[in-house]
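Visitor: I am new to reading structures, and I would like to look closely at a single part before I try to take in the rest. Could you take me through one helix and its surroundings?

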Amino acid sequence: MSGTIDRRAFLRLAGLGGAVFASGLGCAARSGEPMDQRAAEDDFYFVQLSDSHWGFQGPVVNPDARGTLPKAVAEVNALPVQPDFIVFTGDLTHTTDDPAERRRRLGEFRDIVRGLKNQNIHFMPGEHDASLDRGAAFGEYFGATHYAFDHKGVHFIVLDNVSDPAARIGEEQLAWLAADLARQPRDARIVVFTHRPLFPLFPQWDWATRDGDRALAALMPYSNVTVFYGHIHQENHHRTAHIEHHSAHSLIFPLPAPGSQPRRDPVRWDPAHPYRGLGWREVEAEARPPAYAITEFPVRS
Amino acid sequence: MPSRRRFIAGAAAALAAGAAGLIAAAPAEPVIRVTARRFVFLPNVLTLKLGAPATLEFTSADVVMGFSLPDFNVRTDIIPGQVSRLRFTPDKAGTFTFLCDIFCGDGHEGMNGTLHVVA
């Protein structure tokens with residue numbers, strides 16, 4: 001699509017973004033498909049934002065806690081070609097014991113993201129949004145916590161591994177996942193959005209999903225699966241068998257690399273490098289061969 | 001027969017005494033009591049002996065918590081009003097992190113502690 005070509009040229013010329021991580025899926029193009037099926041597939045891109053923790057206060061780690069999310073919104077709006085859709089992979093708000101305050105934060109977050117030019121937005125909760133009331137307040141503002149949708153030949157699955165405070169997907173949702181997957185061919189292009197890592201990245205810091213192995217087992221028969229998630233406030237790329245997992249930066253504070261220090265305390269704000277470690281990403285879904293090119297964007301001062 | 005009965009009774013008494021002596025000689029299995037409270041374990045530093053079974057007893061002072069020791073693949077829920085027991089034998093020495101693995105609010109991320117397993 002010409003928009004994609006223009007956007008790629010713009011990225012290259014402007015030198016925007018960090019390293020481009022190309023996620024080859026090792027799957028040959030499905031040349032035997034009928035033309036109408038192939039016509040439904042096209043290159044496109046989406047934007048992933050994550051972990052904005054609206055309501056967080058902690059000037060030592062982010063003195064601009066109320067300004068960082070609006071900056072990201074403005075930066076996405078300034079993209080020369082708008083994405084097909086935007087996804088927020090959880091922890092939209094920072095947790096609070098007060099149900100009224102939780103709703104106030106969710107409402108303020110919603111009002112800010114209403115400023116995005118592209119209102120084709122998919123939301124999911126993080127544990128800060130949902131674990132203290134099993135997703136009740138989140139549901140009032142953003143609807144279902146797990147669902148699926150299709151876009152240009154890709155089947156997207158949103159998994160909720162946070163409404164249960166014990167970080168379980170749970171029997172009911174796993175059964176729903178199995179039923180959803182059963183309708184997909186084994187070589188379907190499948191992208192999973194979730195908040196916590198589905199694999200045990202570093203359980204010592206609660207960077208895991210207790211029954212994530214069951215979701216991965218359900219996905220294993222499918223040759224073309226990629227997972228995008230949040231929670232760990234940093235970029236991380238990992239592979240379990242043929243399934244790739246890509247975590248996103250946060251929009252509030254970075255966290256240290258898994259196990260790199262005794263505690264997972266947030267990385268302190270560096271006045272010499274404000275917003276360092278914060279950002280969002282573009283994901284280019286390339287139809288043939290199926291692949292995902294990831295471009296990271298820092299939040300700019 | 002009376003003498004035989006006396007022999008059997010005497011032998012049984014000796015066996016019982018011997019068994020009691022064995023029990024008395026064995027080191028008592030440690031039981032460590034831990035209270036979970038938002039957002040801290042008390043105590044939050046534990047020491048166990050390598051290869052020696054031990055029981056951890058947990059109570060919650062407020063809400064549902066979890067105790068997880070990923071390096072040993074053991075965990076338990078901690079339910080208010082109940083005592084949760086976790087018995088295990090450390091099979092490796094070193095320093096390990098334990099944590100609350102049930103989200104309990106702002107501060108949950110810092111609710112952890114250290115287990116020392118010594119030879």
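Guide: Let us begin with helix α3 of chain A, residues 68-77, whose buried residues are A:T68, A:L69, A:A72, A:V73 and A:V76. Around the helix axis these residues cover an arc of only 145°, which means that they lie on the same side of α3(A). Please keep in mind, as you follow this on the screen, that the model is predicted.

What do the buried residues of α3(A) pack against? Their partners in chain A are three strands, β2 (44-49), β3 (85-89) and β11 (279-286), together with the helix α4 (99-113).

One residue of the helix, A:A72, also leads us into the largest nonpolar core, which has 65 residues, and where A:A72, A:V192, A:F193 and A:L251 touch the most other members. The element that gives the most to this core is β2(A), with five residues, and β2(A) is also one of the elements against which the buried residues of α3(A) pack. If you leave aside residues up to four places away in sequence, A:L251 touches A:T68, A:L69 and A:A72, and its other contacts are A:L49, A:D51, A:S52, A:L278, A:W280 and A:V299. Apart from this core lies another one, of 15 residues, which includes B:A36, B:F41, B:L56 and B:I102.

From the core we can step to a sheet of chain A, an open one in which six strands follow the order β5-β6-β7-β8-β10-β9 with mixed pairing. Its edges are β5 (147-151) and β9 (236-240), and because each has a single partner strand, one side of each is left without a neighbour in the sheet. On average, and ignoring direction, neighbouring strands here are turned by 20° against each other. Within this sheet, β7 (residues 189-193) and β8 (residues 225-229) of chain A pair in the parallel sense over four bridges, and A:I190 of chain A stands opposite A:V225 in β8(A).

Chain B offers a sheet to set beside it, open and mixed in its pairing, with four strands in the order β2-β1-β4-β7. There, β1 (residues 31-37) and β4 (residues 54-60) of chain B pair in the parallel sense over six bridges, and B:A36, one of the residues of the 15-residue core, has B:S60 in β4(B) as its bridge partner.

Finally, the two chains meet in a contact that takes 13 residues from chain A and 11 residues from chain B. The side of chain A that touches chain B has five nonpolar, four polar and four charged residues.

How values were computed. Residues numbered from 1 in each chain as written. Chains lettered and ligands numbered in written order. Predicted model: local features only at pLDDT ≥ 70, side-chain atom pairs only at ≥ 80, totals over all residues. Contact = placed C-beta atoms within 7 Å. Nonpolar A, V, L, I, M, F, W, Y, C, P; charged D, E, K, R; others polar. Pairing = 2+ DSSP bridges. Helix = DSSP H or I, 4+ residues; strand = E, 2+ residues; numbered from the N terminus. Axes fitted to C-alpha atoms, helices over the stretch in contact; angles between N-to-C directions. Buried ≥ 20, exposed ≤ 12 C-beta atoms within 10 Å, placed from the backbone. Arc of directions from axis to C-beta. Core = buried A, V, L, I, M, F, W, Y, C linked by C-beta atoms within 7 Å.
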